[in-house]
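Me: I would like to learn how to read a structure like this one feature by feature, with the general idea placed ahead of the particular case. Could we begin with the helices and what they turn inward?

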Amino acid sequence: MAPVVSLENLGFRYPGSTNWVIDDLSLAIEQNEFVAIVGGSGVGKSTILRIIAGLIDPQKGGVTIAADRQPGTRRRALVFQDGRLMPWRTVSANIKLGLEGLDLQRDEIQERIAEVLALTGLSEFADRWPYQLSGGQAQRVGIARALAVR
């Protein structure tokens, strides 16, 4: 079986820098495999995730995502280190943000929101605003948003 995520000879350096943050990184992640990227501050962990998520492009090498785009889903989702919640949206509306543009019926959207709220233990917080959440609850909203797009 082919890897779900494959990095081939990946290289990245920030504009204006002569030093590579990532240089010649190859990695294959199999289905159902759990991978942790660890290291000190500034060594490129978040940069690797941003490249995999498609937020930035590497200067060399490439990323292959072996996941077919299914209707009503996204191929990738990212949970940021901080909550990155929209303060003008409730918990449910923040989760709905990831579903926008997926051409889903209103009932399907509501079902997915309810499903991920239950999965993350946030059902009773659906109508709360981000300022009413603890840091851990805000992080779980980000996780719920990523899970909702399947």
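Reply: Let us fix one term before using it: a residue is called buried when its relative accessible area is under 20%, exposed when that area is over 50%, and partly exposed in between. Bear in mind throughout that this is a predicted model.

Me: With that cut-off in hand, which are the buried residues of helix α1?

Reply: In α1, which runs over residues 45-53, the buried positions are T47, I48, I51 and I52. Around the helix axis they cover an arc of only 135 degrees, and therefore they sit on the same side of α1.

Me: What do the buried residues of α1 pack against?

Reply: They pack against three strands, namely β1 (5-12), β2 (22-29) and β3 (60-65). Just after the helix, G54 takes a positive phi of about 85 degrees.

Me: How many helices and strands are there in the protein chain, and which pattern does the chain follow along the sequence?

Reply: The chain has four helices and three strands, and read along the sequence they follow the pattern β-β-α-β-α-α-α. As for overall dimensions, the C-alpha atoms fill a box of roughly 50 × 35 × 25 Å along the principal axes, and of the 150 residues 31% count as buried. Among contacts with a separation of 6 or more, 63% are made by residues 24 or more positions apart.

Me: How should I read a nonpolar core, and which residues touch the most other members in the largest one?

Reply: The idea is a set of buried nonpolar residues joined through side-chain atoms within 4.5 Å. In this model the largest such core has 19 residues, of which V91, I95, L99, I113, L117, L133 and V141 touch the most other members. The elements that give two or more residues to this core are α2 (91-97), α3 (106-119) and α4 (135-148). Apart from it lies another core, of 10 residues, which includes V5, L7, I22 and I65.

Me: If I take V91 as an example, what is V91 in contact with, leaving aside its neighbours within four places in sequence?

Reply: With those neighbours set aside, V91 is in contact with L117, F125, A126, R128, L133 and V141.

Me: Turning to the surface, which residues form a nonpolar patch there?

Reply: The patch is formed by V79, L119, I143 and L147, which together have about 330 Å² of accessible area. L119 lies in helix α3, and L119 counts as exposed because its relative accessibility is 62%.

Me: And where is L78 found, and is L78 exposed or only partly exposed?

Reply: L78 is found in the loop between β3 and α2, and L78 counts as partly exposed because its relative accessibility is 28%. Beyond its neighbours within four places in sequence, L78 is in contact with A53 and L55. L78 and L147 are 69 residues apart in sequence, while their C-alpha atoms are 9.6 Å apart in space.

Me: What is the general idea behind a salt bridge, and how many are counted in this model?

Reply: In general, side chains of opposite charge can pair when their charged atoms come close. With a cut-off of 4 Å between the side-chain nitrogen and the carboxyl oxygen, the count here comes to five. One of them joins the side chains of D23 and K60, at 2.6 Å from N to O. D23 lies in strand β2 and K60 in strand β3, so this pair ties together parts that are 37 residues apart in sequence. D23 counts as partly exposed at 46% relative accessibility, and K60 also counts as partly exposed, at 31%.

Me: Which parts of the chain does the pair of E100 and R89 link?

Reply: The side chains of E100 and R89 meet at 3.0 Å, N to O. This pair links the loop between α2 and α3, where E100 lies, with the loop between β3 and α2, where R89 lies, the two residues being 11 apart. E100 counts as partly exposed at 35% relative accessibility, whereas R89 counts as buried at 18%.

Me: Which residues are linked in a network of salt bridges?

Reply: The network links E108, R112, E115 and R150. Within it, E115 forms a salt bridge with R150, the closest N and O atoms being 3.0 Å apart. That pair links helix α3, which holds E115, with the segment after α4, which holds R150, across 35 residues. At 43% relative accessibility, E115 counts as partly exposed.

Technical notes. Residues are numbered from 1 along each chain as its sequence is written. This is a predicted model: local features need pLDDT of at least 70, side-chain atom pairs count only at pLDDT 80 or more; totals for chains, interfaces and linings use all residues. Side-chain values use heavy atoms; hydrogens and water are left out. Buried means under 20% relative accessible area, exposed over 50%, partly exposed in between (1.4 Å probe, protein chains only). Contact means heavy atoms within 4.5 Å. The arc is that of the directions from the helix axis to the C-beta atoms. Patches are made of residues with over 30% relative accessible area and no salt bridge: like charges are joined within 9 Å, nonpolar side chains (Val, Leu, Ile, Met, Phe, Trp, Tyr) within 5 Å. Accessible areas come from the Shrake-Rupley method with a 1.4 Å probe; for residues, only the protein chains shown count as cover.
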